Amino acid sequence: AIVTGASQGLGKGMAVALGAAGAKVACVARSEEKLADTVQQITDGGGEAKAWPCDVTSRESVEKVVDGVVEEWEKLDILVNNAGITRDTLLPRMSDDQWDEVINTNLRGAFLFSRAASMNMMRARYGRIINISSVTGIIGNPGQCNYGASKAGLIGMTRSLSRELAGRKVTINAVAPGFIESEMTKILGDALLDEAKKRIPAKRLGKPEEVSAAVLFLSSPAASYITGAVLTVDGGLTG
């Protein structure tokens, strides 16, 4: 398995969960140093993992990772496109760079990894690609036009690519988390989080392991007849 954005937050949790389930995990992020703890957690649990530093916006860097994983472990079964950033501000104030950085990391990165991985998966006639979207890509959020566009784009890519690869036994699905306990949500502050909880039918934030559970299911043979789906993990926020 390859997990992008595996150095922290939800990506780290997904990588650890896949390792615990028996996958060999290629942990991808810009900094090899920041990936050390993720790799350590997987190996301490009896799994196998390796850090793969990568700029997900670079075609050469992405292809080097995918080719390296296939060469080292002889196949690639699972790809989790989780790498993502935010550059929040209202659209009239948003700079070109703030738009481009988010679109390039969140959407172009997933495109590059999916293209490289799908070639190997098609030849093997097996594969699982899971794109980590967001409820922001479904219902929107003020100050996140760039982020929302990138996450909505992931849903469109998921649905289109699923139609291309279903005949080769490669499934592509998206997971759309809502408000999840993480470094990203802590930045919002208690007041905003309390307001968010009032809007969520479940009246609480989600836990990282609940998102990882969705990824594990969609990565498994049990999900072989599910493709092109968007699984929301949001406590009922999107209805």
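**Strand β2 and the second largest pocket**

In the predicted model, strand β1 (residues 2-4) pairs with β2 in the parallel sense, and 3 bridges connect the two strands. Within this pairing, T4 has V28 of β2 as its bridge partner. The connection belongs to a right-handed β-α-β unit composed of β1, helix α1 (residues 9-20) and β2.

Strand β2 (residues 24-29) also runs parallel to strand β3 (residues 48-53), to which it is joined by 6 bridges. The path of the chain from β2 to β3 leads through helix α2 (residues 32-44), and this β-α-β crossover is right-handed. Two positions illustrate the register of the pairing: A26 lies opposite K50 in β3, while C27 lies opposite A51 in β3. In a regular strand, side chains point alternately to the two faces of the sheet. Because 5 of the 6 residues of β2 are buried, that is, under 20% relative accessible area, the strand is largely enclosed by the rest of the structure.

The second largest pocket contains about 350 Å³ of space. Its lining comprises 17 residues, and those nearest the centre of the pocket are G22, A23, K24, D77 and I78. Two or more lining residues are contributed by each of the helices α3 (59-73) and α9 (208-219). By residue class, the lining of this pocket consists of 11 nonpolar, 3 polar and 3 charged residues. K24, one of the residues nearest the pocket centre, falls within the range of β2 (residues 24-29).

Conventions: Residues are numbered from 1 along each chain as its sequence is written. This is a predicted model: local features need pLDDT of at least 70, side-chain atom pairs count only at pLDDT 80 or more; totals for chains, interfaces and linings use all residues. Side-chain values use heavy atoms; hydrogens and water are left out. Two strands pair if DSSP finds at least two bridges between them. Helices (H or I, at least four residues) and strands (E, at least two) are DSSP runs, numbered from the N terminus. A crossover is right-handed if, with the strands pointing away from the viewer, the path from the first strand over the helix to the second runs clockwise. On a 1 Å grid over the protein atoms alone, a cavity is a set of points where a 1.4 Å probe fits but cannot get out, and a pocket is an open set with protein on both sides within 12 Å along at least five of seven lines; lining residues have an atom within 4 Å of a point. Grid points are joined across faces, edges and corners, and a volume is the space filled by probe spheres set on the points. Ala, Val, Leu, Ile, Met, Phe, Trp, Tyr, Cys and Pro count as nonpolar, Asp, Glu, Lys and Arg as charged, and the others, Gly among them, as polar. Buried means under 20% relative accessible area, exposed over 50%, partly exposed in between (1.4 Å probe, protein chains only).
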